Structure formats: C-alpha cells, structure tokens
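Hi,

Here is the structure I promised to pass on to you. Have a look at it first, and then read on for what turned up.

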Amino acid sequence: MSEQAKLHQNSQTLSLSFESSLIQSCMRLADPDELVLDYTRAMMGFLLLNPAPRSVLMIGLGGGALHKYIHKHLPETDLTTVEINPGVIELRQDFCIPPDDERTRIVCADGAAFLAKPKHQFDIILVDGFNAAGLPDALCSPGFYRRVKAALAPQGLMVANVQADTAQTREIHKRVGRVFEGAMLSFESDEGGNDIVLAGQREGLVRCCQEFDVRWAALPSVHQATLAASSTRLQRALLKSRAFG
C-alpha cells in the first residue's frame, strides 16, 4: 500500500512529508528549481568527480528537487527517476516538475526491482528513497548495493542519502565498503540528520582528491553556488577516505 503524501505550504515554501512530521522535500515558491535542503546540494557533489554525466538514474522522486536541478542544469544528461509511490508522482505539477521528454522521465516502479534488470548502465546512480519509517531495507541491503554496482558504468558513481549516525548507517557503511572494495566515503549534511555516502572506482576518487582545486575552478558558477556549503566537507571526506589507505 502506498503511503499518503502530505503537502505543507506557507508564504515561502511547499514541503512534502508522509505519516511522520519529517520533511522529505522542500521547494521555495519564488525559485522552484533551487535546491533548498542542504543534503540535496551535498548529493550534487558528484559533479566534482563527473561534471557531465551521460546518464543518471535516481531512485526516489520526493518533491523532485534533484530531478529538476539535473533537468535544468545538465541539459545533455539522460535522466531516469524511479518512484514507487504513485501518489508522489501525482504531485509533480504542485512541485513544478517538468513533463517527461526525450531525455528525462519519471517511472512508477520499485527501485530495487528496477535495478535488477536495468536497460543499460548509468554514470551516476542517486539513491534517496525514504518513506515514513526511514530507509527501506530493500534500498540498503548487500544485494541492493551489488545491483547498484553492476548497473554502474565502468567509472560510475553511487550517491546515497541515509540517516546520520545510526546503527543502520554504520552497517550501510560496512556493506557499501565491502561491495565497492573500500572505495567509498561519507559526510554529513550541514542541517544534520543526513549522511551522504559516495562510492565508485578507487582511481576516480584518488584523482578527484588530487585535482580537487582544479576541478572546483572548472565548475560552472551555478554548480559552485550549489556546492559552496558542502564542497569542503566532500574534500575532507576524500582526504580521509579508506580509498586512499
């Protein structure tokens, strides 16, 4: 049974939640394409490793913040967003999510099942599939992360949003580390409550760490503004990651 999605609006924002009071997504009415929540901006940190991905798979739509950002600011990227709850997809107009086109689409499906038979490999896989109870087991099991890795292109990256500082999160770190052979890192969002886990190829993480300042300077200004608050945390996580041990 799909969870009931609830909207909350004030003079400045429109927010989405489920049965709990936890905000799943937030949109600024004056700027619908802005990434309001810090964890969404932090997830876009993959741009420092791959500034122009050919294909992105996102598991979990929510209010569509990341979907809209990629659609607007990465015009050459093919984007598939998978959302299990049809009630969430029905809110796409409320959250100003553009209609599907030749390069972007929203699919109503189970993200874990979708990954079991992907149509092709992806440069980036974003995992942000929370429900009212938190992160479903199906989206953080060892088997799920193995399917994620198999669905990634050779230099692909997974970026996952998980809850910060919980027993489940510590277990997730271990699972991701085993599947990706230690080539992973994590850092918390500024607002607290969220932990961003990034995993991929060891060589890619090493190069990003070594070339961080050059890569930062090469980013378009819109991405620099988006990542301004999280880039230092990402760089620090790269420096201390087990991937370089």
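Which residues of the largest nonpolar core touch the most other members? They are Met-44, Phe-46, Leu-126, Leu-185 and Leu-238, in a core of 38 residues. Helix α2 (residues 65-73) gives the largest share of this core, with four residues. Before you go further, please keep in mind that this is a predicted model.

Phe-46 is a good place to start if you want to see the packing for yourself. Neighbours within four places in sequence set aside, Phe-46 is in contact with Pro-53, Leu-74, Ile-124, Leu-126, Leu-157 and Val-159. One of these partners, Leu-126, is also among the five core residues that touch the most other members. There is a second core as well, separate from this one, with 28 residues, and Phe-122, Val-127, Leu-139 and Met-184 are among them.

Now to the sheets. One is an open sheet of seven strands, with mixed pairing and the order β6-β5-β4-β7-β8-β10-β9. Its edges are β6 (104-108) and β9 (184-188); each has a single partner strand, so one side of each has no neighbour in the sheet. From one strand to the next, the twist averages 15 degrees. At the β6 edge, the pairing with β5 (residues 78-83) is parallel and runs over five bridges. To find your bearings there, look for Val-82, which stands opposite Val-107 in β6.

The other sheet I would point you to is an open one of three strands, ordered β1-β2-β3, and its pairing is antiparallel. Here β1 (6-9) and β3 (23-28) are the edge strands, and because each has a single partner strand, one side of each is left without a neighbour in the sheet. Neighbouring strands in this sheet are turned against each other by 20 degrees on average, direction ignored.

Within the three-strand sheet, a hairpin of three residues links β1 to β2, and these two strands pair in the antiparallel sense over four bridges. On its other side, β2 (residues 13-17) pairs with β3, again antiparallel, over five bridges. Which residue is the bridge partner of His-8 in β2? That is Ser-15, and Ser-15 in turn has Cys-26 as its bridge partner in β3. Following His-8 to Ser-15 and on from Ser-15 to Cys-26 is a handy way to walk across this sheet on screen.

Happy to hear what you make of it.

Best wishes

Technical notes: Residues numbered from 1 in each chain as written. Predicted model: local features only at pLDDT ≥ 70, side-chain atom pairs only at ≥ 80, totals over all residues. Heavy atoms only, no water. Core = buried A, V, L, I, M, F, W, Y, C linked by side-chain atoms within 4.5 Å. Buried < 20%, exposed > 50% of the residue type's maximum accessible area, 1.4 Å probe, protein only. Contact = heavy atoms within 4.5 Å. Pairing = 2+ DSSP bridges. Axes fitted to C-alpha atoms, helices over the stretch in contact; angles between N-to-C directions.
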